[in-house]
Amino acid sequence: QLIRPTEDFEPLAISFKRIKNILRQAEFTGAAPFDESLLEPGPESDLFRRSREISQKFGGLLKGDYESRLIEIASLRPLVDEYFIKILVNVQDENVRRNRLQFLYTFLRDFSTIADFSEIVTNS
């Protein structure tokens, strides 16, 4: 409840729905190996690094610290926005496309352990 009114919450929930739709349309099941060297410098590598930091940090948070986890995830909103503005997921290079899909799959999976943002009803 406390995180929902923030300006980052609903746009991030919409982004999670977008990720889920991209993966569904690509019929991607998360079976591809991930290659960090294929990340494009800038928005893609920035989002990857920050999301990995937050994901690793979750292991160290106290069990009942749900609100802190949600705030951390919501802080990704500017990076997620920039990613979708500057990065084309469905590029022609099959290796890069598969790598991007794997990244989005992992991103969605890791943060959906806290809450399934893609299922949250938004005003948009």
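**Exercise 1.** Is Glu 72 buried or exposed, and why?

*Solution.* Begin with the basis of the values: this is a predicted model, in which local features need pLDDT of at least 70 and side-chain atom pairs count only at pLDDT 80 or more, while totals for chains, interfaces and linings use all residues. Residues are numbered from 1 along each chain as its sequence is written, and side-chain values use heavy atoms, with hydrogens and water left out. Next, apply the cut-offs: buried means under 20% relative accessible area, exposed over 50%, and partly exposed in between, with a 1.4 Å probe and protein chains only. Glu 72 counts as buried because its relative accessibility is 14%.

**Exercise 2.** Place Glu 72 in its helix and describe its surroundings.

*Solution.* First, locate Glu 72 in helix H3, residues 66–74 (helices are DSSP runs of H or I with at least four residues, strands are E runs of at least two, and both are numbered from the N terminus). Then, leaving aside residues up to four places away in sequence, list what Glu 72 touches, namely Arg 50, Ile 54, Lys 57 and Phe 58, where contact means heavy atoms within 4.5 Å. Finally, the side chains of Glu 72 and Lys 57 make a polar contact at 2.4 Å (a pair of N or O atoms within 3.5 Å; within protein, one must be able to donate a hydrogen and the other to accept it, and residues adjacent in sequence count only if both atoms are side-chain atoms).

**Exercise 3.** Summarise the fold of the protein chain.

*Solution.* Count the elements to find five helices and zero strands, then note that 40% of the 124 residues count as buried.
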